[in-house]
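I opened the model and kept a short notebook while going through it. The entries follow in the order in which I looked things up.

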Amino acid sequence: MATISLFGIIIRFLLGGGAVVACTVISRKAGTKIGGIFAAFPAVFLAALLTLRLDMKGMDLIHQSIILSQGALVGMFINIICAMAVVYFCDRLGWKKGLSHSLIGWFIVSLGYAVFLG
């Protein structure tokens, strides 16, 4: 298992958190639709990929980058399905129940993937 430095974790946290703050500010200034487009940007993935170089070198860097990218692809696909479920369930059940159903579904699918395929 690869080790991750404390500095790498801090950089990932700052870049990912900074992206969330930026999306919130953009959403408040330009509207929720524009903010949603920026929120869909995979900032945490990008931060992890950029800072992976701090912890890896050579073939380990390439191998871990591929693993990270594969995981991000699966995660983004699951998030798209969850977003579609939010729209569907919120329209039919109201936002509280719709969001709850969607998040529970996301958790079950993600856990199932991690246990059976991951």
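Before the first look-up I fixed the terms for exposure: a residue is buried under 20% relative accessible area, exposed over 50%, and partly exposed in between. I also noted that this is a predicted model.

**Entry 1. Phe107 and its surroundings**

I started with Phe107, which I found in helix α5. Its relative accessible area is 49%, so I entered Phe107 as partly exposed. I then asked which residues make the nonpolar surface patch of about 1,000 Å². Phe107 is one of them, and the others are Ile104, Trp106, Ile108, Leu111, Tyr113, Val115, Phe116 and Leu117.

**Entry 2. The chain as a whole**

I counted five helices and zero strands. Read from the N terminus, the order of elements is α-α-α-α-α. I took the extent of the C-alpha trace along its principal axes and got about 50 × 40 × 20 Å. The chain has 118 residues, and 18% of them count as buried. For the exposed area I wrote down about 8,900 Å², with 76% of it supplied by carbon and sulfur atoms. I also looked up contacts between residues at least 6 apart in sequence, and 54% of these join residues at least 24 apart.

**Entry 3. Helix α1**

Helix α1 covers residues 6-30. I checked its length: 25 residues at 1.5 Å each should span 36 Å, and because the end C-alpha atoms are 36 Å apart, the check agrees. Which residues of α1 are buried? I listed Gly8, Arg12, Gly16, Cys23 and Ser27. The cover over these buried residues includes α2 (32-39) and α3 (43-55). Past the end of the helix I found Gly31, with a positive phi near 105 degrees.

The spacing in that list sent me back to helix geometry. An α-helix has 3.6 residues a turn, so residues three or four places apart point the same way.

**Entry 4. Leu15**

I picked Leu15, which lies in helix α1. With a relative accessible area of 42%, Leu15 counts as partly exposed. Setting aside neighbours within four places in sequence, I found Leu15 in contact with Ala47 and Thr51. I also looked at Leu15 and Val44: they are 29 residues apart in sequence, and their C-alpha atoms are 7.2 Å apart.

**Entry 5. Helix α4**

I repeated the length check on helix α4, residues 58-93. Its 36 residues should span 52 Å at 1.5 Å a residue, and the end C-alpha atoms are 51 Å apart, which agrees. The buried residues I noted for α4 are Leu61, Ser65, Ala72, Ile78, Cys82 and Ala85. Among the elements that cover them are α3 and α5 (95-117). Just after α4, I found Gly94 with a positive phi of about 95 degrees.

**Entry 6. Aromatic pairs**

How many aromatic pairs does a search of the whole structure find? I got one. The pair is Tyr88 and Phe89, with ring centres 5.2 Å apart. Their planes are at 75 degrees, and planes over 60 degrees apart count as edge-to-face, so I entered the pair as edge-to-face. I then looked up the accessibility of both residues. Tyr88 is at 42% relative accessibility and therefore counts as partly exposed. Phe89, at 27%, also counts as partly exposed.

Definitions and conventions:
Residues are numbered from 1 along each chain as its sequence is written. This is a predicted model: local features need pLDDT of at least 70, side-chain atom pairs count only at pLDDT 80 or more; totals for chains, interfaces and linings use all residues. Side-chain values use heavy atoms; hydrogens and water are left out. Helices (H or I, at least four residues) and strands (E, at least two) are DSSP runs, numbered from the N terminus. The expected span of a helix is 1.5 Å times one less than its number of residues. Buried means under 20% relative accessible area, exposed over 50%, partly exposed in between (1.4 Å probe, protein chains only). Contact means heavy atoms within 4.5 Å. Rings of Phe, Tyr and Trp (its six-membered ring) pair if their centres lie within 6.5 Å; planes under 30 degrees apart count as stacked, over 60 as edge-to-face and the rest as tilted. Accessible areas come from the Shrake-Rupley method with a 1.4 Å probe; for residues, only the protein chains shown count as cover. Patches are made of residues with over 30% relative accessible area and no salt bridge: like charges are joined within 9 Å, nonpolar side chains (Val, Leu, Ile, Met, Phe, Trp, Tyr) within 5 Å. A salt bridge is a side-chain nitrogen of Lys or Arg within 4 Å of a carboxyl oxygen of Asp or Glu.
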